[in-house]
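The report below works outward from a pair of packed helices to the chains that surround them. Please keep the sequence and the coordinates in view while reading.

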Amino acid sequence: MEAWLFVSPSAIGFLIFFLGPLCAVVYFSMTEWNLLTQQAAFVGLANFKNALLENPDFWHVVRNSVIFALGLVPLNMALALTLALALSRPFFGVVFFRTVFFAPVVTSAIAWAIVWKFLLQGEGGFINQMLAIVGISGPNWLREPNWAMAAVIVTRVIKMVGLNMILYIAALQAIPRDYEAAARLEGASRWQIFRMIIWPLLAPTTLIIMVITTIGSFKVFDHIYQMTGGGPENGTLVLAFYIYQQGFKFFNIGYASALAMIMFVIVMMLTIVQVMLRRKGAE
Amino acid sequence: MTNVFLKGIEKRFGSVEVIRGVDLQIDDGEFVVFVGPSGCGKSTLLRLISGLEHISAGDIYIGDRLVNEVQPAQRGVAMVFQSYALYPHLTVRDNMGFGLKVRKVPPAERQRRIGEAAATLKLDALLDRYPRELSGGQRQRVAIGRAIVGHPDVFLFDEPLSNLDAELRVHMRSEIAALHKRLATTMIYVTHDQIEAMTLADKIVVLRDGRVEQVGSPRTLYENPANIFVAQFIGSPKMNVLPADAAPLLAALPATPPSAESVGVRPEHLTVVSPGEGVLRGEVTLCEYTGAVTLLHVALDGGHDCLVIYDEREMPGVGSVIGLRAEGQNLHFFNQHGQAILASAHST
């Protein structure tokens, strides 16, 4: 009894704020419930059927989400690792640089998106003005479908790369310096030391980073909401934003819940596949 | 010929001077041990020889070749680290073959050399295991094996036994000694354990605060320490150092050297006698029975403390007053600077 009392604050919170909503989403996903009319009718798997087989928007949105993830994850990880390699060893000013690259992570996502929206404006935008100085006529970044996706990916990477950089720095600092010293004595070049010693030892961290960045990329909302609103021509309409649109703009709670369940399954499957691939690689 | 010659070696980390002018000649095939307390610079000196650290001043010659600007891998040295530094994601075979692989030694030759080293160190059955699957002693042998396969001119050992338990340490010590005998390669070994130094070394280099205090064979250092630091560092338990006026009470001497400020006598050279007139007297404060001998802690009349190794069956009780004597030849005199006064000087 005492034990139950001790865990009850946490258990009650878990039930109310985690398990309860989760069950509610599962239930809602099988209903046709309109928030405005407060009418709910059980429809079984109709919402799933609608999303997967009937509504062409869904696959367009999934395609956008996949493009977003494929653009963001490798770029984020490569940049994070490069920064971590440069900033993992002590030198004068290293803390300043780490802070500079980490600061966007703790900056408000909306504020960040607003600033970039201004910087990426068509003719009057700062980026295009800079490009004009060197004779390049920049596109209207957030108004052209292909450039808009690239712009939100890059600005999102710049915002979030600091977190992965810190994780990589921690992992690099945990690798004993003797490994590098031993490899140097044996004649390994810097590239060989990285490729044959450092990179394999970073594998667990790389897996974690890959999983959380992939999940994060599928859940991106605030950035899209502020910078493009899913446009132009639905070119940046990704899954989380689509769920928001369906749920809170069109008030199709049942359909939105079904989409959320599908997103959950997609992310879970991606995570399982990544973990399995890494395990196979380790063997 | 792979001798090692250090000339005026200095090393500074920022404003901190770690090595302060070390001159040292290490002969071909010699087993040299750097010994000293923590922070004396012995590991730094080893890393300077390996090339893992750059010297601030001086010259390093390996096999008559000036190597100041030579990369670590080109110096012909191999190092065994205190942590072993075995790559955890590679098998024993791959760990041992890593250096050969990056040097592009053909696979067949690589396997031959790994097999050879594995046979020497009895690692044949462990070649496909990962470091995490090995005991401490086995990891130690793999680390040595990795050093052997490269056929280096000089082996460097950085406190390789300090992570092992006491029993294994004794065993590995004898294995390293046997290895040196078999390979007859120059070996430089760093330790803070003076027993390791005494048992392994052809030549011991005692370091303190980045300076060489004395170089010599274990016997030389034990019998003729150059100063109080070496006298107390070499030998276990450490040498007793007493005021020079205690010397006539310890032994019948023609005369105490006039410049002598203190006299040293090792615990094993003291004999317990009855506390009569004309002997050094003291009260036993503690008896530590170790089996073979008993270590007596004695508070001397003059206020100094003294250790005595006592090997008789009947030991004096705590609180009893005893007399102490020693042979004159076992007394070591030191001047006011702590430097030894040579035997010839105090016999005249």
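## Helix packing and chain organisation

In chain B of this predicted model, the axes of helix α3 (residues 107-120) and helix α4 (residues 136-149) come within 9 Å and cross at roughly 135°. Axes here are lines fitted to C-alpha atoms, for helices over the stretch in contact, and angles run from 0 to 180 degrees between N-to-C directions. Helices (H or I, at least four residues) and strands (E, at least two) are DSSP runs, numbered from the N terminus. α3(B) and α4(B) are therefore oblique to each other, since angles under 35 degrees count as roughly parallel, over 145 as roughly antiparallel, 65 to 115 as roughly perpendicular and the rest as oblique. The crossing of α3(B) past α4(B) is right-handed, a crossing being left-handed if the near helix is turned anticlockwise from the far one by less than a right angle, and right-handed if clockwise.

On the side of α3(B), the contact is made by B:R113, B:I114, B:A117, B:A118 and B:T120, and on the side of α4(B) by B:G145, B:I148 and B:V149; two residues are in contact if their C-beta atoms, placed from the backbone, lie within 7 Å. By class, the residues of this contact comprise 5 nonpolar, 2 polar and 1 charged, where Ala, Val, Leu, Ile, Met, Phe, Trp, Tyr, Cys and Pro count as nonpolar, Asp, Glu, Lys and Arg as charged, and the others, Gly among them, as polar.

Residues are numbered from 1 along each chain as its sequence is written, and chains are lettered from A, with ligands numbered from 1, in the order in which they are written. Local features need pLDDT of at least 70 and side-chain atom pairs count only at pLDDT 80 or more, whereas totals for chains, interfaces and linings use all residues.

Chain B is divided into domain 1 (4-228) and domain 2 (237-347), with bounds that come from an automatic or database domain assignment. The C-alpha centres of domain 1 and domain 2 of chain B lie 38 Å apart, and 4 residues of domain 1 are in contact with 7 residues of domain 2. On the domain 1 side of that contact, the residues are 3 nonpolar, 1 polar and no charged.

B:R281 lies in strand β14 (residues 280-289) of chain B. With 19 C-beta neighbours inside 10 Å, B:R281 counts as partly exposed, because a residue is buried if 20 or more other C-beta atoms lie within 10 Å of its own, exposed if 12 or fewer, and partly exposed in between. Leaving aside residues up to four places away in sequence, B:R281 touches B:P275, B:D301, B:V321 and B:G323; the C-alpha atoms of B:R281 and B:V321, 40 residues apart along the chain, are separated by 6.9 Å.

The contact between the chains takes 17 residues from chain B and 14 residues from chain A. On chain B, β6 (77-80) and α2 (92-102) each supply at least two residues of the side that touches chain A, and that side has 11 nonpolar, 5 polar and 1 charged residues.

The boxes in the table enclose the C-alpha atoms and are taken along the principal axes.

| Chain | Helices and strands | Box | Buried |
|---|---|---|---|
| Chain A | 13 helices, 2 strands | roughly 75 × 65 × 35 Å | 31% of 283 residues |
| Chain B | 10 helices, 18 strands | roughly 80 × 45 × 35 Å | 41% of 348 residues |
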